[in-house]
Amino acid sequence: MAQAGHSTERKFPIYHSCGCRISVMNKDKLSGLLLISLGTFISCYTLLNYSLGNLNNIGPGFFPLILSVLLLILGFLNFLFSNNQKISFKEINFKSLFFIFSGIILFGILLEIIGFIISSFLSILIFSFCSNKFYIFDRILLSLGIIIFVYVIFIFLLGMNVKIYP
Amino acid sequence: MENFVNLLNGIELILDIYVLFYCFVGVLIGTFVGVLPGIGVLAAISLLLPFTYQMPTIAAIVMLAGVYYGAQYGGSIASILLNLPGTPASAVACLDGYPMSKNGKAGIALFMTAIASFIGAMIGIFVLMIFSEKISNLGLRFGPAEYFLLMMFGLIASSTLVSNSPNKGLSMMVFGLLVSSIGIDINSGISRFDFGLINLMNGVSLIVVVMGIFGLVEIIKTSNNSSFMTSEKITTKSMMPSFLELKRSLFPILRGSCIGSFFGILPGTGPTIASFTAYAVEKKISSEPNKFGNGAIEGLVSSEAANNSASHTGFIPTLMLGIPGDAVMAIIIAALIMHGVQPGPMMLIHQNELIWGLIASFFIGNILLLILNVPLIGFWISILRIPYHFLYPSILIFICIGVYSVNQNVFDIFSVAVIGIIAYILYNLDFDFVPFLLGFVLGQPMEENFRRSLLISDGSFMIFFNSFICLSILSLILIVILMSIIKFLKIRRINPPVV
């Protein structure tokens with residue numbers, strides 16, 4: 001309830017002109033800041049590490065330097081000419097983000113240790129937690145089904161070279 | 001005349017049962033991913049890329065192209081029935097297709113879009129046959145400076161015209177160029193931006209980037225959905241349009257195809273721009289513009305014809321100049337390079353068979369699609385009933401294994417996860433990824449051409465203003481920049497900024 005009241009308050013423009021918290025949560029301002037910091041970092045890194053060369057024989061640092069300065073300028077433009085759009089945390093799907101990320105990382109870690117079958121079983125199980133449409137039995141059945149499917153395609157038909165069993 | 005002899009040779013090449021099979025597989029998968037709103041064409045094509053390593057070049061390209069134009073057909077099905085565009089280019093089909101299906105005319109809308117897509121594709125193929133030689137001859141006269149400017153035009157056009165905010169589109173394009181410079185620099189042998197990681201010395205692989213961006217982001221967005229239900233029952237009888245409807249759609253289809261062919265040939269503009277433009281033109285010249293948005297068949301067929309003809313003529317700049325019009329074309333260029341074929345003006349000479357075989361496969365593929373989309377429409381509608389929560393875990397594990405199978409390197413799996421998260425953050429900040437991918441693909445050839453032109457001119461920037469071709473490309477760039485500034489100001493008038 002409190003959050004809903006908060007968002008209706010923000011419709012009045014007077015609230016936008018004051019308070020730095022609002023300006024940080026603005027999509028364009030935040031992306032402007034991101035681009036500015038990225039541009040600054042890359043241009044400094046390039047200047048410190050790579051030679052620029054001469055105009056008739058440009059070095060490895062020339063092109064990245066131009067690009068990072070461009071990124072810096074575009075970041076400033078983004079920051080200055082921003083639209084009135086805030087990040088809505090309701091739209092961000094944190095649950096899926098977490099389960100998908102951890103499933104993939106786990107797959108990468110386990111694949112070469114315990115083999116293809118068990119690691120993909122575990123990952124599919126983790127992926128299935130993004131959706132709450134499942135019962136636990138469904139999840140296991142689904143994982144087994146997909147593993148057979150994937151096994152037939154990648155190992156049987158394509159002959160992929162990977163450790164299969166532990 | 002010579003073109004038709006070439007085409008017959010191409011058909012002869014294609015009629016090999018093996019290639020024909022891959023053409024069929026391509027259009028089938030294309031229609032499938034086009035129909036389902038959860039998976040994009042880009043994700044599908046990049047998932048298929050690892051499979052094409054063992055195939056002959058012609059089969060691989062025929063299949064990937066089939067996915068591309070098959071998805072243009074399939075994309076309109078979900079737009080019309082559910083108001084959910086399967087591909088970005090078919091978003092326009094929602095505007096009039098969905099109202100038509102609410103008025104009980106879904107069958108007619110589906111039939112007319114299939115016909116419009118087919119005619120658009122055929123006109124696109126003819127334009128492709130006629131113009132590819134001319135563009136290739138033009139390309140032979142290009143030096144490094146001309147190439148550099150043309151790539152710049154393509155990048156600026158695609159990043160300012162397609163995305164909502166020209167500023168963000170340009171930022172993503174520049175970011176893509178920067179990411180492409182990771183890895184060993186060909187001229188100096190210095191490894192740039194590897195931050196001490198040996199795996200980054202070869203650069204970031206395209207498959208990893210595309211799967212992270214277009215595969216993972218799409219799934220993170222949609223994995224909460226259960227399924228895309230529809231209660232529509234489409235019979236073949238309900239699909240028959242009346243004579244009046246056929247007559248009303250004839251000229252919009254032809255106009256749409258011409259607009260689409262034009263935008264396809266321009267580097268940097270693809271089917272999405274073409275379909276939006278065709279719709280706007282149709283609305284402008286119509287005698288009753290207020291019908292648009294409430295089920296006007298003219299708008300629907302013209303935009304569908306435009307995106308199909310653009311997706312075929314888009315192969316002209318891709319194959320003849322090596323400059324992609326949209327993200328899918330960028331992946332097709334990468335696939336060609338993987339198979340040892342360098343796209344460019346010399347392709348028509350060295351790879352004559354491949355090009356005409358591909359064109360012949362377009363003919364056959366479109367006829368297959370017409371068969372798949374008209375009598376078998378009921379099958380595709382039933383696909384929309386597959387529960388999505390059964391589908392997405394399999395796509396995810398496909399992404400993991402597919403990425404690993406390319407280099408047998410676990411590092412690629414971790415990179416996909418990291419790129420996916422970065423891309424999801426950027427997506428939530430309203431950034432667009434098509435300019436990023438084009439920048440990523442064109443980064444290295446662009447830097448190389450830039451260096452080469454300065455080497456030729458001995459450090460003088462006048463080489464970019466010397467020839468007639470350079471000056472005309474520069475004026476095109478200027479026009480695009482002016483257009484995007486006007487667009488920028490228009491957007492700001494609608495949404496007043498925060499001070």
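**B:Ser191 and the contact between chains A and B**

Trainee: Why is the link between the side chains of B:Ser191 and B:Asp194 called a polar contact?

Mentor: In this predicted model, the two side chains are joined at 2.9 Å. A polar contact is a pair of N or O atoms within 3.5 Å, where one can donate a hydrogen and the other accept it, and residues adjacent in sequence count only through side-chain atoms on both sides. The value of 2.9 Å is within that limit, so the name applies.

Trainee: What should I know about how the model is read?

Mentor: Residues are numbered from 1 along each chain as written, while chains are lettered from A and ligands numbered from 1 in the order written. Local features need pLDDT of at least 70 and side-chain atom pairs pLDDT 80 or more, whereas totals for chains, interfaces and linings use all residues; side-chain values use heavy atoms, without hydrogens and water.

Trainee: Is B:Ser191 buried or exposed, and how do you know?

Mentor: The relative accessible area of B:Ser191 is 16%. Buried means under 20%, exposed over 50% and partly exposed in between (1.4 Å probe, protein chains only), so B:Ser191 counts as buried.

Trainee: Which residues are in contact with B:Ser191, leaving aside its neighbours within four places in sequence?

Mentor: They are A:Tyr50, B:Gly183, B:Ile184 and B:Met201, where contact means heavy atoms within 4.5 Å. B:Ser191 itself is found in strand E2 of chain B, residues 191–192. Strands are DSSP runs (E) of at least two residues, and helices (H or I) of at least four, numbered from the N terminus.

Trainee: How many residues does each chain give to the contact between chain B and chain A?

Mentor: Chain B gives 69 residues and chain A gives 73. The size of an interface is often given as the accessible area lost when the parts come together. Here the buried area, summed over both parts with a 1.4 Å probe, is about 6200 Å², and carbon and sulfur atoms give 74% of that area.

Trainee: What makes the meeting of B:Asp430 and A:Lys27 a salt bridge?

Mentor: The term requires a side-chain nitrogen of Lys or Arg within 4 Å of a carboxyl oxygen of Asp or Glu. Since these side chains meet at 3.3 Å, N to O, the condition is fulfilled. The count between the two chains is 2 salt bridges.

Trainee: Which elements of chain B give two or more residues to the side that touches chain A?

Mentor: They are H8, E2, H9, H18, H19, H20 and H21 of chain B. H18(B) provides the largest share, 13 residues.

Methods: Buried area is the accessible area (1.4 Å probe) that two parts lose on being put together, summed over both.
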